[in-house]
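Me: I am new to this structure and would like a close look at a single part of it. Please pick one aromatic side chain, describe what lies around it, and then set that part against the rest of the protein.

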Amino acid sequence: MAIESSGRYFAGGTPTGRIYLWEMSSGILFSTFEAHYRRVNVLRFTTDGIALISGSEDSGVSVWVMAHLLDNDKQHEMPTPYCSLADHTLPITDIACGVGTFPFFRVLTSSLDKSCKLWDMGTRTLLITFLFPRPINVVALDPAERVLFAASPDGFIHQVNLFRERHDRASKSTGAIEALSGFGPDDATRIDDNEQGFQLKRLINIEHEILSMTLSMTGSILLIGTATGQVHIYDVASHQLLKTVNTHQGFRATHLSTFIKPSDLTGHVTIGSASHLDTIPLYPITSFHRIRDATARTAHEIVPDTLPPYNLEIDHDCLITQSSTGVSGQALQARVAGLEAEVENLTQNLSKAIGLNDSMWESVVSTVLGSDEALENGLPHSAKRSKARS
């Protein structure tokens, strides 16, 4: 299953290789077609929602353009994929989409053939293959595409940096950074368990079956969902376990996602004056149709975005000019003058207090020192003072 980033469309795959596509606000079944020969294991929408990517047990990955799937004139035709990525040899287990507008982005795929492959959609070519010592069932790609994480069912997670130091012909570092690889389909990088030193730090062991994995929007936090229902939160830089969430313990954490808290979860907009507090309607979700209905599709109207448009002037008035609203320039100057006079008065009182404290301190010190000298000479303190006067 997969939901488009704006929440408009929902896609589902079946064990027979068929894909269904619904509109969530109306429940209309827009498209259903045979996408693969065997079970559909994974579905992913691109970040801009223009394409749908499917992976199957037949080891194939297909990219479908949403405009073709939603076209009324092509409902009786078999959809043709934008491209097919056919280089894996065993069932596809996971897909991760990079950031970018279609088709200028990268796609990461994993398979039970112990490999992960990075593809470029603009050129429809394979950039690099990563070979692991065990099958890979979950992958996560850094938002900046600097690093990827590949997890196996037995609880091991490999961190693979997508960059490296550039070396000259004498194998000396030049101080520059270059892409890890990308010289063609025959270019492969092998990841081993016998790595030492810094390379060993790129391996995380959860000791439980891993079912889901995702990175925070900043790429600094890694969230891992296990078959026991626990969600482990790791720091990417240090690989330190920060927290374990046991809310779903006893169940299977099959999906994890991080996102900015949407406005419709708060119910109201709280920034600004009372006149700007507008209730945000919830996005409509209805029951999905089981069959395609041509009449419903013809009569269907596109539902516009329910979130209000962003108004920069309102935010400016609330955050910048609201503090001075209703206050004249003369009143503001008088207030500032009063505060300055109060500060000057406090400064003078502080100086007097410091002087009084110094006088008391000198008096006490001189008295104590005079008593000590009188005791040393064997005379009373009064006799000591009389002798000093004479």
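Reply: A residue is called buried when its relative accessible area is under 20%. Tyr82 has a relative accessibility of 19%, so it counts as buried. Tyr82 is the part to look at here, and everything below refers to a predicted model.

Some background on the whole protein helps to place this residue. The protein contains five helices and 23 strands. It has 390 residues, and 36% of them are buried. Its accessible surface is about 23700 Å², and carbon and sulfur atoms hold 56% of that. Among contacts with a separation of 6 or more, 45% are between residues that are 24 or more positions apart.

The surroundings of Tyr82 include a charged group. The charged end of Arg124 sits over the ring of Tyr82, at 3.9 Å from the ring centre. An arginine is also placed over a ring elsewhere: Arg134 lies over the face of Phe156, 4.3 Å from the centre of that ring.

Tyr82 also belongs to an aromatic pair. Such a pair is described by how far apart the ring centres are and by the angle between the ring planes. There are eight aromatic pairs in the structure. One of them, useful for comparison, joins Phe10 and Trp22: the ring centres are 6.0 Å apart and the planes stand at 45°, so this pair is tilted. Phe10 is in strand E2 (residues 9–13) and Trp22 in strand E3 (residues 18–23), twelve residues apart, and the pair links these distant parts of the chain. Both Phe10 and Trp22 are buried. The pair of Tyr82 and Phe102 has its ring centres 4.9 Å apart and its planes at 65°, so it is edge-to-face. Tyr82 lies in the loop between helix H1 (66–70) and strand E8 (83–85), while Phe102 lies in the loop between strand E9 (92–97) and strand E10 (106–111), so the pair ties together parts that are 20 residues apart in sequence. Ring pairs also build a cluster, which joins Phe10, Tyr20, Trp22 and Phe288.

The partner ring deserves a look of its own. Phe102 has a relative accessible area of 17%, and is therefore buried. The peptide bond that leads from Phe102 to Pro103 is cis, with omega near 0°. Pro103 has its place in the loop between E9 and E10.

The two strands beside that loop lead on to a sheet. E9 and E10 belong to an open sheet of five strands, in the order E9-E10-E11-E12-E18, with mixed pairing. E9 and strand E18 (188–190) are at the edges with a single partner strand each, so one side of each has no neighbour in the sheet. On average, neighbouring strands in this sheet are turned by 20° against each other, with direction ignored. E10 pairs with strand E11 (residues 115–120) in the antiparallel sense, over five bridges. Within that pairing, Arg106 has Asp120 in E11 as its bridge partner.

A second sheet can be set beside this one. It is an open sheet of four strands in the order E20-E21-E22-E23, with antiparallel pairing. Its edges are strand E20 (210–215) and strand E23 (241–245), each with a single partner strand, so one side of each is left without a neighbour in the sheet. Neighbouring strands here are turned by 20° against each other on average, again with direction ignored. Strand E21 (residues 221–226) and strand E22 (residues 231–235) form an antiparallel pair over five bridges, and Leu223 stands opposite Ile233 in E22. Asp235 is also found in strand E22. Apart from neighbours within four places in sequence, Asp235 is in contact with Ser220, Gln240 and Leu242.

Finally, two loop residues have a backbone angle to note. His239, in the loop between E22 and E23, is not a glycine but has a positive phi of about 60°. With a relative accessibility of 17%, His239 counts as buried. Glu145 is in the loop between strand E13 (138–141) and strand E14 (147–151), and its phi is near 60°, a positive value in a residue other than glycine. Glu145 has a relative accessible area of 19% and is buried.

To return to the starting point, Tyr82 is a buried residue, with the charged end of Arg124 over its ring.

Methods. Residues numbered from 1 in each chain as written. Predicted model: local features only at pLDDT ≥ 70, side-chain atom pairs only at ≥ 80, totals over all residues. Heavy atoms only, no water. Buried < 20%, exposed > 50% of the residue type's maximum accessible area, 1.4 Å probe, protein only. Contact = heavy atoms within 4.5 Å. Areas by Shrake-Rupley, 256 points an atom, 1.4 Å probe, with all protein chains shown as cover. Phe/Tyr/Trp six-rings, centres within 6.5 Å; stacked < 30°, edge-to-face > 60°. Lys NZ or Arg CZ within 6 Å of the ring centre and 35° of its normal. Pairing = 2+ DSSP bridges. Axes fitted to C-alpha atoms, helices over the stretch in contact; angles between N-to-C directions.
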